[in-house]
Amino acid sequence: MDSLRHFKRAQVLKVAAAELNEQLSLEKVSDHLTAIADAMIRQTLNIAWKQQVEKYGEPYCRDHDQHPESIRKAGFCVIAYGKAGGLEMSHSSDLDLVFLHDSRGGFQITDGERQIDNNVFFSRLVTRIMHLLTTSTAAGILYEVDPRLRPGGKSGLLVSSLEAFQDYQI
């Protein structure tokens, strides 16, 4: 966790130095800060995914077709709203994130030795991502995360199915 924080701090410092030396316009500063946030989210997702898969295996599901060959890996994505989603990050921006999975059907389970339901897998994955992003260490926090934009609001589930999110958007 500290390695991510040190890397982010070094990259943000480079952007700030270029900004102070007037080598980057405000738009370019936002672009660079957004790219840093994107890289940190991607790396955090990679770390959390690997940790969860080591414990529980990959999440699989069978769509509404009951044929064994219709089993597929369940997908997951992180959507950034607000400043990150609009490529307008500033030095003090938080992250407005929504987490979605596309697991559906009657068969939704991981393939590891310790199998769990995919909803549990994705819930634990998002909890781990939030922990990696927001925990304060000696190197500070990576980002403040505002998950209030999720379908259930501040008190809703941290992760939603793609179908539930589509219904929420309509």
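Start by selecting helices α1 and α2, which in this predicted model are roughly antiparallel to each other, since the angle between them is about 175° and angles over 145 degrees count as roughly antiparallel. Helix α1 covers residues 2–20, and its axis lies 10 Å from that of α2.

With both helices still highlighted, show the side chains that make the contact: α1 contributes Leu4, Phe7, Lys8, Gln11, Val12, Val15 and Glu19, while α2 contributes Val29, His32, Leu33, Ile36, Met40, Gln43, Thr44 and Ile47. If you colour this contact by residue class, you will find 9 nonpolar, 4 polar and 2 charged residues.

Next, pick out Gln43, one of the contact residues of α2, and follow the helix around it, which spans residues 26–56. Is Gln43 buried, partly exposed or exposed? Its relative accessibility is 36%, and Gln43 therefore counts as partly exposed, because that class lies between 20% and 50%. Now draw a distance from the C-alpha atom of Gln43 to that of Leu4, and you should read 8.4 Å, although the two residues are 39 residues apart along the chain.

Before moving on to the strands, zoom out to the whole protein chain, which has 5 helices and 7 strands. Read along the sequence, these elements follow the pattern α-α-β-β-β-α-β-β-α-β-β-α. Of the 170 residues in the chain, 38% are buried, and among the contacts with a separation of 6 or more, 68% are between residues 24 or more positions apart.

Now select strand β4, residues 95–101, where 7 of the 7 residues are buried. Turn the view to compare the two faces of β4, and you will see that both are covered, with Leu95, Leu97, Phe99 and His101 buried on one side and Asp96, Val98 and Leu100 buried on the other.

Keep β4 in view and add the strands that pair with it, beginning with β3, residues 76–81, which runs antiparallel to β4 and is joined to it by 6 bridges. Within this pairing, look for Ile79, which stands opposite Val98 of β4. Then add β6, residues 145–146, which runs parallel to β4 and shares 2 bridges with it; here Val145 is the bridge partner of Leu95. Strand β7, residues 159–161, also runs parallel to β4, with 3 bridges between them, and in this pairing Leu100 has Ser160 as its bridge partner.

From there, move to the open sheet of 3 strands, whose order is β2-β1-β5 and whose pairing is antiparallel. Which strands stand at the edges of this sheet? They are β2 (71–73) and β5 (107–110), each of which has a single partner strand, so one side of each is left without a neighbour in the sheet. Neighbouring strands here are turned by 25° against each other on average, with direction ignored. For a closer look, select β1, residues 59–62, together with β2, since these strands pair in the antiparallel sense over 3 bridges, and find Arg62, whose bridge partner in β2 is Ile71.

As a last stop, select the cysteines Cys61 and Cys77, which differ in their surroundings: Cys61 is buried, with a relative accessible area of 0%, whereas Cys77 is partly exposed, with a relative accessible area of 32%. How many disulfides does the structure hold? The structure holds 0 disulfides.

Key:
Residues numbered from 1 in each chain as written. Predicted model: local features only at pLDDT ≥ 70, side-chain atom pairs only at ≥ 80, totals over all residues. Heavy atoms only, no water. Disulfide = S-S within 2.5 Å. Buried < 20%, exposed > 50% of the residue type's maximum accessible area, 1.4 Å probe, protein only. Helix = DSSP H or I, 4+ residues; strand = E, 2+ residues; numbered from the N terminus. Axes fitted to C-alpha atoms, helices over the stretch in contact; angles between N-to-C directions. Parallel < 35°, antiparallel > 145°, perpendicular 65-115°, else oblique. Contact = heavy atoms within 4.5 Å. Nonpolar A, V, L, I, M, F, W, Y, C, P; charged D, E, K, R; others polar.
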